[in-house]
Each structure stands twice: as structure tokens, then as C-alpha cells.
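Trainee: Hey, got a minute to look at a model with me? I'd like to start with the strands.

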Amino acid sequence: MEQQLTPLRFGIMVDDLTMEAWKVETIRKLVDGGMWLAYIIRNTETVEKKSFFKKVKTLPVRRAFFQRWNHYQFKPVEKQLKPLDLDLTDVPILDCTPEHKNTSTFISNNDIETIKNQQLDFILRFGFDIVRGEILNAARYGIWSFHHDDEMKYRGGPPGFWEWMHDDPLNGIILQRLTESLDKGYILSKRYYPTVLHSYKAHLDQLLSESTDMPLQVCRQIQCTGELKEQLSESQAPLYRPPYNYQMLGYWIRCLTRRWRFHRHDLFRQEDWNVGYVEVPFIEFLEEPEGHLDDIKWLNKKRRSEYNADPFVITTENDTYLFYESYSYKKGKGCIEVVRKSKKYRKPKVALEEPFHLSYPYVFEHEGEVYCIPESHQADRINLYKFNEKELKLEQECVLMEHIQAVDPTLIFHEGKWNLFFTQKDQPSVKLYRYVAEDLRGPYEPSPLNPIKVDCTDARMAGAFFERDGQLMRPAQECIRYYGTAVRLNRIDRFDELHYEETQIDQIQPIKESKFNKGLHTLNGNEQVTVIDGKRWLFTFIGMWHQVRQKANRRKEHV
């Protein structure tokens with residue numbers, strides 16, 4: 001997949017060379033990624049210094065609570081000011097004094113001509129407020145700007161605030177090419193993240209930090225494909241503004257109640273998964289899942305403080321084997337167990353146990369052998385194991401990749417190459433990566449367009465690829481309000497060396513009539529049996545102690 005990429009020339013529009021941390025990081029990622037910072041357009045407009053009494057007099061009284069809180073008290077990490085500490089020796093700077101008409105900012109014709117002479121591929125806007133006029137056409141691919149909301153629901157701002165206030169489980173982020181319309185330009189990239197409802201500060205930090213690679217990703221798309229994919233937004237969403245005083249009172253009340261609810265839930269409710277199986281062909285089950293609800297049989301759980309999840313199934317000449325994760329809250333890790341059809345899926349055997357956590361035992365057949373790639377992100381590598389059918393053991397074959405915390409790794413052999421899909425531990429339910437190799441054992445090289453998908457609604461793998469009605473499908477986890485809410489089925493529309501495109505066509509909800517009806521995140525099967533998992537909530541003292549340990553470890557990591 002390696003190829004020589006021509007760097008794109010870009011400029012930045014800024015009010016100052018000291019700016020918010022996430023903006024500095026966005027520019028740094030572009031430069032480190034091989035793009036050329038060729039021009040800086042700096043706003044030299046003087047800001048009138050107001051006396052204290054004049055500030056009080058001009059303060060928007062109905063929004064005074066928000067203005068004071070936002071200016072003096074609200075301090076997200078990503079909004080802290082940092083200097084643009086790059087080598088700017090050879091980067092020309094145009095000092096520009098814009099003109100204002102109502103809420104719009106206009107650049108003079110002379111300055112626009114100067115900017116056009118730089119022959120920039122794009123301009124990244126990090127200042128100058130709402131720009132309009134001919135400046136929008138001053139670069140080959142226009143002016144790019146962020147909007148940290150889903151423009152189809154929320155235009156205006158503050159970023160991510162109204163999603164948080166409205167208890168919206170999803171928060172969109174768009175990178176757009178600006179037009180004359182506010183927050184409804186040409187969409188270059190769009191992502192969805194879960195709303196961090198227990199903390200607006202943490203939520204905003206997530207939105208800002210996770211958007212910093214979006215311009216680089218669009219640049220990679222231009223470099224690799226020679227085209228800029230964009231779609232004009234048809235948003236009719238209302239224009240939101242900063243909250244009034246009474247709305248800020250509601251915000252502070254929500255902060256207290258949601259924080260308390262979050263910690264209560266985190267300590268006193270633990271996930272309890274179990275594996276179910278239906279002895280009908282997988283495709284038949286997918287056609288009408290509700291029609292097979294009465295046929296689902298759940299595995300026997302050994303203890304309340306343990307659970308089963310992530311089922312995979314494979315049939316050989318000798319038997320049908322069901323592999324799954326067996327997790328222990330007491331040990332704080334999982335192992336891989338296996339049951340057989342010949343034993344009526346009872347009497348589980350430990351197929352693999354390591355000093356580190358194991359889950360998601362993706363099993364497949366290749367050249368007459370059964371292999372398994374379990375998730376082992378704690379080991380910082382991806383291992384390949386061969387199944388010893390006689391001993392019911394998984395024996396390590398080789399290491400596929402090292403120095404990577406892959407989550408739910410899943411292989412597919414497509415067009416003569418092995419494609420390895422997974423998310424990563426830092427964002428396990430949001431960013432999907434693809435690596436490619438000529439041989440099963442590697443070496444695996446990253447797609448130049450990684451991450452190939454960023455969307456908490458359907459990025460994370462939920463099982464093996466499969467064919468349905470002659471079309472290749474990818475099951476994906478929906479992780480909106482919490483981890484593993486449902487499984488989405490995505491039809492793969494384009495899958496070649498550079499491109500991967502898919503469309504969601506179906507959704508499998510948790511089995512409401514069962515006692516494990518609060519979640520579903522793995523779905524697999526073959527011509528003999530279909531396997532799923534389901535979640536419920538319960539409380540155990542061992543589980544609570546496990547949660548306390550996890551919280552303590554997270555605190556240590558942040559110190």
C-alpha cells in the first residue's frame with residue numbers, strides 16, 4: 001500500500017500565534033503527517049480595552065452567568081492556550097485587518113489576491129469569526145472549519161453544550177468547507193462520539209482532542225485518491241446560542257445529579273453477560289430473529305461474579321465448537337473456553353489462559369487447520385493460535401503484530417490479501433482500523449486512510465464478516481449510551497486496496513424476552529448454529545471491589 005504522497009500546501013487563519021491546545025495539535029499533526037504549512041494569515045484587528053464599568057455596562061445580562069463561568073471558571077484542558085511552537089522561520093505571515101458587516105467578517109480584495117498568489121491547497125480557519133465573501137475561494141479546496149456538533153441538529157454553539165443539556169447520547173463533529181451559510185457548508189468529514197453525560201468538561205475535551213486528526217485524514221484521502229469527497233449539508237436545524245441565566249442554573253443542577261448517578265451506577269451495577277445459541281442456520285436466524293426467541297438456550301454460568309461473552313463457532317469433520325470469553329471479576333481478566341455440540345454445549349474446557357486478559361476469540365479455518373485470534377490488548381500485541389482439536393487447546397503459532405493495543409481483531413481474506421480489522425484501546429468503540437498482508441502471518445501494513453471509520457454507532461467489530469444474498473456484510477457494535485447496546489449489520493459497498501465503504505442496512509436488538517436483555521454485542525454462526533450474547537445488570541461485592549480497583553488505577557494513570 002505504500003506510495004509516494006505529494007504534500008498539500010496549506011495556510012492557517014489565526015487571531016494570534018498563541019492559541020488553544022487542540023488547534024496547535026491539529027496543525028502539528030498536519031505538519032508531522034507531511035503537509036506543508038506554507039502561509040499564515042494573522043488578524044491584526046485591535047481589540048478595544050474596556051474599563052471594568054464599561055464591561056459591566058455592555059455585559060449581556062440575560063447570559064451573564066454563562067459569560068462569567070466560561071471566562072473565569074470553565075477550564076478544559078484542550079482550551080488552554082499554547083504557543084504554536086513550530087519552526088516558522090520560512091513561513092510568510094500576512095497581517096490582515098478585516099472589515100465587519102453585522103456578524104460577518106470580510107477580507108480586503110488586496111489581501112485576497114495576495115493569498116491567492118500563494119497557491120494554497122486549503123486554508124484552516126482558527127480565527128476571524130464568521131468569514132464570508134471571496135476569501136472562501138482563495139485556496140484550491142477552500143477554507144476548512146470545524147463545527148463540534150451535528151449540524152443536522154445543532155447549529156451555532158457552544159460546542160457540544162446543547163447535546164449535553166438535552167441528554168442526547170450522540171455528538172457529531174464535522175469538518176466543513178465553508179460557504180456563505182453558517183454551519184451548513186460542504187461536509188468533508190463527519191464523526192460521531194458518545195456524549196459524556198456525567199461531565200461537560202470531559203465531553204468537550206473529548207470532542208476537541210478527537211477532532212485534531214480530521215484535516216490530516218481528509219488530506220490523506222486527497223493524496224491517495226486524487227479527489228476531495230464533499231457533500232453539501234441540507235441542515236434546517238435551529239441556530240443555538242449561549243444559554244440564558246436560568247438555563248445555566250439547570251446546567252449546574254444536572255452536573256450534580258448526573259455525577260452522583262454516574263458513580264452510583266459505576267459502583268453498584270456490573271455487567272453480566274451470557275452466551276446463547278440457537279440451532280438454526282445463521283442466515284435463517286438473521287431473516288427473522290424474533291421468530292427464534294423461544295429456541296435460544298443460554299450457557300450455564302458457574303458463578304455470579306463471572307460471565308460469558310463474545311461467542312464464535314466453527315464446524316470441523318469431528319464436531320461443532322463454540323468458543324467464548326469467560327471473565328472473572330475476582331481475577332480481573334478473562335480466558336477462552338470452548339464447548340462442543342457433541343456434549344450439548346456443556347462441560348466447558350479452558351482452551352487458552354494467559355497472564356493477561358483474553359476475549360473475543362475470532363476463529364477461522366485456513367488450509368485445513370483451525371486458527372484463533374483472541375483479543376489480547378493488555379499484552380500489547382496480536383497473537384495467532386492454532387486449535388489442537390484433540391486436546392481442546394489453543395497453541396500459539398506466531399505474533400501477527402506487536403506494540404499495538406488492538407480490540408476485537410477480525411480477519412477476512414479478500415481479493416488475494418489478508419485484511420485485519422480492529423479498534424484500539426484508547427477509543428475501543430469509535431475508530432476502526434484496517435491492516436493488510438500478503439500472507440496470513442504478516443507482515444501487516446496499515447491502510448493509508450486509517451482510521452477508515454470513526455463512529456461510535458458502528459465502528460467496533462461484533463463478529464466475523466459473512467455473505468448475505470450475495471453481498472459481503474460486517475457486523476458492528478452499537479455503543480451509544482453504553483457499551484454493547486445492539487448489533488448493526490453493514491453492507492460493504494466498496495472494498496479494494498484503498499477504499500472501504502459500507503452502508504448500515506439492519507439492526508439486531510437485545511432479546512427483550514430473555515433475562516439478558518440489556519445489551520447485545522456479538523453475533524456469529526454457520527449453517528448449523530447461531531450464537532449471540534446478552535447482557536443484564538447485577539450487583540456483587542466482588543464486582544464492586546473490581547470497579548473500585550479500576551477507578552484507583554485510572555487515577556494513578558492520570559497523576
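Trainee: So how many bridges join strand β32 to strand β33?
Mentor: There are 6 bridges between β32 (residues 471-478) and β33 (residues 486-495), and the two strands run antiparallel. Keep in mind that this is a predicted model.

Trainee: Okay, and which residue in β33 stands opposite Met-473?
Mentor: That's Arg-491.

Trainee: What's the order of the strands in that open sheet?
Mentor: It has 4 strands, ordered β31-β32-β33-β34, with antiparallel pairing. The edge strands, β31 (466-468) and β34 (500-508), each pair on one side only. From one strand to the next, the twist averages 45°.

Trainee: Switching to helices: at roughly what angle do the axes of α3 and α8 cross?
Mentor: Roughly 55°, and the axes of α3 (residues 64-73) and α8 (residues 245-268) come within 7 Å. Because of that angle, α3 counts as oblique to α8.

Trainee: Which residues meet there?
Mentor: From α3 you have Ala-64, Phe-65, Phe-66 and Trp-69, and they meet Asn-245, Met-248, Leu-249, Tyr-251 and Trp-252 of α8. The contact of α3 with α8 divides into 8 nonpolar residues, 1 polar and no charged.

Trainee: One more: which side chains of β5 are buried?
Mentor: Leu-94 and Cys-96, which point to one face of the strand (residues 93-96). Ile-93 and Asp-95 point to the other face and are not buried.

Trainee: And how does β3 run relative to β5, parallel or antiparallel?
Mentor: Parallel, with 4 bridges joining β3 (residues 36-43) to β5. Leu-94 turns up again here, as the bridge partner of Ile-41.

Conventions
Residues numbered from 1 in each chain as written. Predicted model: local features only at pLDDT ≥ 70, side-chain atom pairs only at ≥ 80, totals over all residues. Heavy atoms only, no water. Pairing = 2+ DSSP bridges. Axes fitted to C-alpha atoms, helices over the stretch in contact; angles between N-to-C directions. Parallel < 35°, antiparallel > 145°, perpendicular 65-115°, else oblique. Contact = heavy atoms within 4.5 Å. Nonpolar A, V, L, I, M, F, W, Y, C, P; charged D, E, K, R; others polar. Buried < 20%, exposed > 50% of the residue type's maximum accessible area, 1.4 Å probe, protein only.
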